Every structure is written in structure tokens, then in C-alpha cells.
Amino acid sequence: MRMLKKNSAKLGWSVVAFSLALSCMAVAQNKTAPAKSEVTGRYEGSAKNSEGEVIPVTLELTEKEGAISGMIRSSHGDFAISNGSRKEDAVSLEFDAQGTAGTISLKISGDQLTGTWSAGSDGGPLDVKKGAPGEGDAKGKS
């Protein structure tokens, strides 16, 4: 009978140790694999052209299964994104700038997108930050 109680106690501690080990492994996996932030949203900031002109820019992006669609709005016009994709923290956008093919290459850093744009012989840096949901939607409305 004593032997049975000793073996039961050992078995109980083994189960506890095994459970703790599994819990620790699950926590470690969650820490090493940070959640992938979604690109979908409204981003506001600016771009510079080759002449150094600062151009206010708004990106309205929708990400679905790695594909990105939306609009690029600037003081030089509004342009639909004809092709957009995301691979890890890199975002690539293509658009038609009044008959000229344009591209934007960005890197995700938290709620900010930074990179470069080009259209024809013009281009330069671009830096935008994600606005709060609904931010900018009520501009000009009473």
C-alpha cells in the first residue's frame, strides 16, 4: 500500500512538472512571434519630390490576404492603387499618375510607413503615420 501511495505521489509531481513545462513553452512561443500588425487604415504625412517640394499625402489602405488596395490622395491629385502587396514589413504600391506609372516602396514600423515614391523621372522620400480610426473622416463637416 505504501508503494502505491509513493508511486501515485511521484506520478502526480510528474504531471505537474510536465504541465508547467508545456505552459512555459507556450508563453515563450508567444513572445518570439509578435502579432503581425495590419496595414489597413488611413495614413497621413508627407512626401518630397526631386525639387524638394513637400507634398501632403494621405494613404487609404485596405489589406486582405497580403493584397493591398486603396487610394493615394495628395495636393497633386488622387490616385487609385492599381496593385499593392505586403511581404512581412515591406509594402509595395503601384498607381497610375495621369498616364505615368508610379510606385511606392514602404517599410512598416509600428503605426508608421516610411520609404520612397517614384513616378516617371520624379520621386523622393515618403513618411506617413496611421491615424486613429475615424480620424480625418469628419473634416469640413458640421
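**Reading a predicted barrel**

Modeller: In this predicted model, residues 26-35 keep a pLDDT under 50, and the model gives them 0 contacts beyond four places in sequence.

Biologist: How do you know that local features of residues 26-35 should be left out of the discussion?

Modeller: Local features need a pLDDT of at least 70. Residues 26-35 stay under 50, so that stretch does not meet the cut-off. Residues 135-142 also stay under 50, with 4 contacts beyond four places in sequence. Over the chain, the average pLDDT is 80, and 67% of the residues score at least 70.

Biologist: What makes up the secondary structure of the chain?

Modeller: The chain has 1 helix and 8 strands. From the N terminus on, the order of elements is α-β-β-β-β-β-β-β-β.

Biologist: Why is the arrangement of the strands called a barrel?

Modeller: The 8 strands close on themselves in the order E1-E2-E3-E4-E5-E6-E7-E8, with antiparallel pairing. From one strand to the next, the twist averages 25°.

Biologist: How do you know that E1 and E8 pair?

Modeller: Two strands pair if at least two bridges are found between them. Strand E1 (residues 41-48) and strand E8 (residues 122-130) are joined by 5 bridges in the antiparallel sense, so the pair meets the criterion. Within that pair, Ala 47 stands opposite Leu 126 of E8.

Biologist: What makes E1 and E2 a pair?

Modeller: The criterion is again at least two bridges. E1 and strand E2 (residues 54-64) run antiparallel and share 8 bridges, and therefore they count as paired. Arg 42 has Glu 60 in E2 as its bridge partner. The hairpin of E1 and E2 has 5 residues between the strands, and Gly 52 in this hairpin takes a positive phi near 90°.

Biologist: Why is Tyr 43 called buried?

Modeller: The term buried requires a relative accessible area under 20%. Tyr 43, in strand E1, has 3%, so Tyr 43 is classed as buried.

Biologist: Which residues does Tyr 43 touch, beyond four places in sequence?

Modeller: The contacts of Tyr 43 include Val 57, Thr 58, Leu 59 and Leu 61, together with Asp 111, Leu 113 and Val 128. Between Tyr 43 and Leu 61, the separation is 18 residues in sequence and 8.0 Å in space, C-alpha to C-alpha.

Biologist: What makes the approach of Tyr 43 to Val 39 a polar contact?

Modeller: A polar contact needs a pair of N or O atoms within 3.5 Å, one able to donate a hydrogen and the other to accept it. The side chain of Tyr 43 reaches the backbone oxygen of Val 39 at 2.8 Å, so the distance satisfies the cut-off.

Biologist: Thr 58 lies in strand E2. Why is Thr 58 counted as buried?

Modeller: The relative accessibility of Thr 58 is 13%. The limit is under 20%, so Thr 58 falls in the buried class. Among the contacts of Thr 58 are Arg 42, Tyr 43 and Glu 44, as well as Met 71, Ile 72 and Arg 73.

Biologist: How is Ile 68 classed, buried or exposed?

Modeller: Ile 68 belongs to strand E3 (residues 67-74). With a relative accessible area of 4%, against the limit of under 20%, Ile 68 is therefore buried. The contacts of Ile 68 include Val 39, Leu 61, Ile 81, Val 91 and Leu 93. Ile 68 and Ser 82 stand 14 residues apart in sequence and 9.2 Å apart in space, C-alpha to C-alpha.

Biologist: What is notable about the phi of Glu 88?

Modeller: Most residues other than glycine have a negative phi. Glu 88 has a positive phi, near 55°, and is not a glycine. Glu 88 lies in the loop between strand E4 (77-87) and strand E5 (90-97). The relative accessible area of Glu 88 is 68%, over the 50% limit, so Glu 88 is called exposed.

Biologist: Why is Gln 98 called exposed?

Modeller: Gln 98 has a relative accessible area of 69%, which is over 50%, so the term exposed applies. Gln 98 sits in the loop between E5 and strand E6 (100-109). The phi of Gln 98 is positive, about 55°, although Gln 98 is not a glycine.

Biologist: What share of the chain is buried?

Modeller: Of the 142 residues, 23% are buried. The chain exposes about 9,800 Å², of which carbon and sulfur atoms supply 56%.

Key
Residues numbered from 1 in each chain as written. Heavy atoms only, no water. Helix = DSSP H or I, 4+ residues; strand = E, 2+ residues; numbered from the N terminus. Axes fitted to C-alpha atoms, helices over the stretch in contact; angles between N-to-C directions. Buried < 20%, exposed > 50% of the residue type's maximum accessible area, 1.4 Å probe, protein only. Contact = heavy atoms within 4.5 Å. Areas by Shrake-Rupley, 256 points an atom, 1.4 Å probe, with all protein chains shown as cover. pLDDT = per-residue confidence, 0-100.
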